[in-house]
Amino acid sequence: MQSEEDKYPQAQQVDGKPLALDIQHLTQVFHIGKTWLNEGKPLRAVDDVSLQVRNGEVLAIVGESGCGKTTLSRLMLGLQKPESGAIYVNGQALVDVDRKAFARRVQPVFQDPYSSLNPRRTIGEIIMDPLLIHDIGTLEEQRQRVEETMAKVGLPHRMINSYPSQMSGGQRQRVAIARALVMKPEVLICDEPTSALDVSVQAQILNLLQELRNELNLTYIFISHDLSVVEYMADYVAVMYLGRFVEVGPARDVLERPKHPYTQALLGSVLTPDPELGLPDIDLGRGFPDPLNPPPGCRFHPRCPKAMAVCSQKEPEKLTVDGTEVECHLYAKEDADIPV
Amino acid sequence: MSGAHHYNPDDPPVLEVEDLSVDIKVPAGTLHAVNKVSFSVRPGETLSLVGESGCGKSITSLAIMRLLPKAARLSASKIIFDGQDLAALSEKQMARLRGNRIGMIFQDPMTSLNPVYRIGDQLEEIYLRHKGGGRREARERAEYLLEKIGIINPTQRLTQFPHQLSGGLRQRMMIAMMLMCDPKLIIADEPTTALDVTVQVQILQLLRSLQEEFRMALILITHNLGVVARMADHVAVMYAGQVVEKGSSADVFRHPTHPYTRGLLECIPHPGQSATRNKLGSIPGIVPSLVGRIDGCTFRNRCNYAFGDCATAQVGLRDVEDGHSYRCLLPPETFAAGKLEKA
Amino acid sequence: MTDATQTAADAKRRDSASDFDTLAPSPRELMRRRACSHWGLIIGLSIIAIFLLVAIFAGVLAPHDPYAQTLSHRLADPVWGPKGSWNHILGTDALGRDVLSRLMYGARLSLYISFTAALIAAVIGVSLGIAGGYFGGKIDSLVVYIINVKLALPVFLVALSIAAITGGTVTVMILLLGFLTWDRYAIVTRSLTQQMRDQDFIMSSLAAGSSHMRIIFRDILPNLMNHIIVIVSLDMAVIILIEAALSFLGLGIRPPTPSWGLMISEARAMMFFKPHLIMVPGIAIFILVMAINMAGDGIRDVTAPEGRG
C-alpha cells in the first residue's frame, strides 16, 4: 500500500504508528453568486480545520445546521477538493488521488436511509456495487462477500433480492452500513446516522456500529447534533461553529467540563427525559449567524453571553486548556480563573 | 418547574376526546390507524402524545381538526371542544374553528408558510378571514404579536418572504400566525424536530410562556422523550394506534410501567452512558400491521413478557395508581425486576 | 475471533433485528397489481396492440393491394352505403384503391414513423437533460440555451420548409420529427436529474468511487425510465398528428404511399359527396392517438407511486 508517492511527508505519527485519520489545515471556500464576470462572495464553509483520530477511535463532530459539517464530511470523503490542506489515512496522503482510491479507505453512512439507497436496485445489487466498481474478486467471491457483510450487519440472507421500499428504516440503514463495509474501509464517516430513525431503531443501529467497531477496529467520524448520542459513542469531540472547530478534546472533558461558551450552550440545550427539570435557560442571542458575513473577531461573540470587548476585535487563538483545545478569549489571560 | 401546575385541575376541559378511532380503507382491507383513544386537556395544560412513526399520533390530531384523508372514517363517542361536538359540526363551521379557536403548528415551517406571499400578508389574511375588521387593525395586531414573540424588527420582518427567514424564525412566524386569532387549543405536531438544539429550547420556552399568558391548552405531538418530559403535564404513550400508558409526566417518566414505555426509555442514552461500557437497550422487531382485525395486545410480538393470553385476551387500560394507567395484562410489580438501573 | 463465535455473534445480531416476518410485496408485484386494475391502461394498451397487429400483418390481413387502382370501381360506397359491397368494406377512393387496405398499411407507416422519431427525440432530449441536470454549471447553461433556442423555433414551419426542400421520404420525416420534438424530454429529465443529483444514493455511489458515466447509466437513468416512457407515448401521439398534418399539406409523405394524412388530403375534394373517405382515416388517427395517451397516463399512474418511501 506504500506505492503512493510521498508528496506530503509530514504526516503525524503516534507511538510510531500513523494516525487512522489525520486532517491538517483543511479549508474550503465557496464563492456565492459567482458569475462569468463577478468573483462572488467568499463563504468559508470549512476554515483551517485540523483533526487527528487514532485507529479504532470515534471522533464526533458537533454543530448546528450551517456550521460546515456537511462540507467537511464531503471533503473527508473526497467528493470535493479542498481549497487547501491535507488529508492522510494511515499516513498516506489522499489529497491528489482520485475518488476511487479514496473510496477504498473512507466510506460514508448517510442520515436518511430512505434517500441513500437507489429505489430501483435490489439489496444485493446495492451492496455489491462497490465491488463491481473496483473490480474486486470473481463473481463468486463477490457474492460471498456480500453475504458475509449482510450477516455482519444483521440482515437475513433472504432479503438479498428485496427492494429498499420493502424494508423498514432500520433495515435500510443496515443496508447502507453493509454497502459502506463491503470494501473493508478504514474510516467510516457517519453523518447523523440515526437522526432519521425512530428511537427504538436508533438504539439498534448505535449498538451495531459499536459492535462493528470492536470487531473490525474501525475508525468513525461521527457527525451529529444529538449530544446524548455523541456522549454515548464518542472518544473525542470537536465542536464546530461557522466553519471552525471552537473546541476539541476528549469526550469526557468536553462534555463534562465544557470550556467554550458555545459548547456550554449546546450542552445546556440537551433535554434529558427528566420530568423534574423544566426547560433550561440558555443565554444565547437569537442573532442567526450568517456565514456569508461572519462577524469580526470571534465568530461567536454576537451570541455569546460572556463576550468581552476584545472578542469583537481580535480572532481568538487556539489554546490548550486541560488537554482541550479551545478558541476563546476567556482563556487567553494568564490569570483567567476558568469560569464554567 | 414542571412540578408546579400551569393549569387548574378543576377547570372544565377545553377538549375532551373519548374512544376516538380512525379506520382507513386500503387495498388490502381496513387499516385501524387509531383505536379508541381517549384524553382531555384543560386551559393552560400541556398534554403530550408520544410515540414512534406509525403509532397514530399525527392521525389523532388530524382527526380532531377533521382534516383526515377521504379514505379515512372517524368514529368517537365524544369529541367536545369548548362545549361543541366537533364530530357534529358542518365542514363550514369546522373551517371557522380551524386557525381561529384551534391553532396548529407543524414540523416543517417552510412547507406550512406559502412561499409566494409576504409574511405580513399571511398573518393578516388569517385575521381578516376569522375576525373581519380592517387591514390596518390586522397589521397592528401582527406587529404587536411579533414583538411579543421576541422578533427584533417586526415592521421589516413582515415585508419579508418565508425563504428569507431561518428555520427558527419561520417557526416563530407560524406561532405568531396561530396567535393572530385567539386560540384556546394549540396542536403542535413535532414543532421542533427540524430545528437545531439551541433553537429548539428557545421555541419551547416561547410556547410555554405564551401558553401561560393566554391560558391555552397545548397538545404536543412528538417522538422526543426529552421534549415531552420537560414540557408536558400529562403524557399519553401511543403504540400501534392505541394509548398504552398515560398519566402525569412525573408518574410516567419516574415509574414507567408498560414494557413499551420502559423499552423506549432504555433506548435513549443517559448522561454518562457510554457504548464501550453499557449498551443501549433496544426493542426488537417492528410495529405489526394494523390492517384487518386486531386481537390481543399489539405489542406482544416485541415484548419480553409476552405469554399465551396476550394473543387473545381483551387488553384494557388499568390503573397503576390514580391517574396513571397502562394497557397490559400483567400487574405493575412484574416489571420491577427488570428495571433499568439508572443513577 | 474464531469462526464459531463469529457466526454466533452474527446470529445474535440477526435476532436483534428480526423484524422480517412481514416482507411487503416487491415493487414489481405492486406495479403489476396496479396495472391490472387500471382500466385506462388496459383499454389503451389493447387498442395499441390491435393497431400494432394490424400494422405488422397488413400484408396478410389487407383484402387488396393498397396501390392497386381499379378505375371501374372508383369511389365505391362502404358496406353501409347505398351501393356498398363486402368486397370493399370501407369503399374505394377516387382512384379506385381499397380504403381498408390503405388504412392498414397506413397504420404501419404511422406507427413506424412515430415510434422511431420518438426514440430519436428521446435519445437527444434525455442526453441533453441528464447532462445539464447532473453536471450543472456551464454545461447546464449551455443545455438551457439549446432548449430555449429549440422552444423558440416554430416547429411546424421548420418542418414544412425542410420537408419542402428535401422532399418527403419516410427517412426525412423520421429525422425531422425526431429533431423537432426532443425538448419535452430534455426539460423533464433535466429537472428530475437535478432533484436526484443531491440525493444521498448518488452521493453514496460517488463515495464508492463510481465514475460519472456509471452513475448516469446505473443510478439516474433507471429512475427516469418510467417518466421517459410516459413522454415517449405523449410524443408519439404528437408526431402522428404532425405527420398527418404535413402529409395533408402535401409536404410530408408523397403519394402513392398509404399515409393517413395523405388519405385525408386526397379525400378533401370529395368531402361533401363521400364524407367517409375523410372520416375513416380521421377516426383512425383519433382512436390511435387517444389510445396512446390513455396508455401513457396509465403507465404514469402505475409506476409513479413506486420507489418512494
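The following paragraphs describe the chain contacts, the domains of chain A, the helices of chain C, the nonpolar core and one sheet of chain B in a predicted model.

The model is predicted: local features need pLDDT of at least 70 and side-chain atom pairs count only at pLDDT 80 or more, whereas totals for chains, interfaces and linings use all residues. Residues are numbered from 1 along each chain as its sequence is written, and chains are lettered from A and ligands numbered from 1 in the order in which they are written.

Contacts between chains are considered first, two residues being in contact if their C-beta atoms, placed from the backbone, lie within 7 Å. The contact of chain A with chain B takes 35 residues from chain A and 41 residues from chain B. On the chain A side, helix H6 (199-216), helix H7 (227-233) and helix H9 (261-268) each supply at least two residues; helices (H or I, at least four residues) and strands (E, at least two) are DSSP runs, numbered from the N terminus. H6(A) gives the largest share of this side, with eight residues. By residue class, the side of chain A that touches chain B comprises 18 nonpolar, twelve polar and five charged residues. In this division Ala, Val, Leu, Ile, Met, Phe, Trp, Tyr, Cys and Pro count as nonpolar, Asp, Glu, Lys and Arg as charged, and the others, Gly among them, as polar.

Within chain A, domain 1 (14-105 + 185-331) and domain 2 (114-184) are distinguished, with bounds that come from an automatic or database domain assignment. The centres of the two domains, taken over C-alpha atoms, are separated by 29 Å. In the contact between them, 14 residues belong to domain 1 of chain A and twelve to domain 2 of chain A. Helix H2 (99-103) and H6 of chain A are the elements that give two or more residues to the domain 1 side, and the largest share, five residues, comes from H6(A). The domain 1 side divides into ten nonpolar, one polar and three charged residues.

Chain C contains 13 helices and zero strands. Of its 309 residues, 41% are buried, a residue being buried if 20 or more other C-beta atoms lie within 10 Å of its own, exposed if 12 or fewer, and partly exposed in between, with C-beta atoms placed from the backbone. Among contacts in chain C between residues at least 6 apart in sequence, 72% join residues at least 24 apart.

The contact of chain C with chain A takes 28 residues from chain C and 35 residues from chain A. Helix H1 (3-16), helix H10 (200-207) and helix H11 (212-248) of chain C each supply at least two residues of the chain C side. H10(C) provides the largest share, six residues. The chain C side divides into twelve nonpolar, nine polar and seven charged residues. In H10(C), eight of its eight residues are buried, among them Asp200(C), Phe201(C) and Met203(C). The buried residues of H10(C) pack against H2, strand S8 (106-109) and helix H5 (169-181) of chain A, together with helix H9 (183-197) and H11 of chain C. Just after H10(C), Gly209(C) takes a positive phi of about 95°.

The largest nonpolar core has 267 residues, of which Leu59(A), Ile221(A) and Phe222(A) touch the most other members. Such a core is a set of buried Ala, Val, Leu, Ile, Met, Phe, Trp, Tyr and Cys residues joined through C-beta atoms within 7 Å. Helix H5 (residues 99-135) of chain C gives the most to this core, with 18 residues. Not counting residues up to four places away in sequence, the residues that Leu59(A) touches include Val53(A), Ile221(A), Phe222(A) and Tyr236(A).

In chain B, eight strands form an open sheet of mixed pairing, in the order S7-S8-S9-S3-S10-S11-S13-S12; two strands pair if DSSP finds at least two bridges between them. Strand S7 (102-105) and strand S12 (317-321) of chain B stand at the edges with a single partner strand each, so one side of each is left without a neighbour in the sheet. The twist averages 20° from one strand to the next. S7(B) pairs with strand S8 (residues 185-189) of chain B in the parallel sense over four bridges, and Gly103(B) has Ile186(B) as its bridge partner in S8(B). Helix H1 (residues 57-65) of chain B packs on the sheet, and its direction makes about 145° with that of S8(B). Axes are lines fitted to C-alpha atoms, for helices over the stretch in contact, and angles run from 0 to 180 degrees between N-to-C directions. At the other edge, S12(B) and strand S13 (residues 324-327) of chain B pair in the antiparallel sense over four bridges, with Leu317(B) opposite Arg327(B). The hairpin of S12(B) and S13(B) has two residues between the strands, and Gly323(B) takes a positive phi near 80° there.
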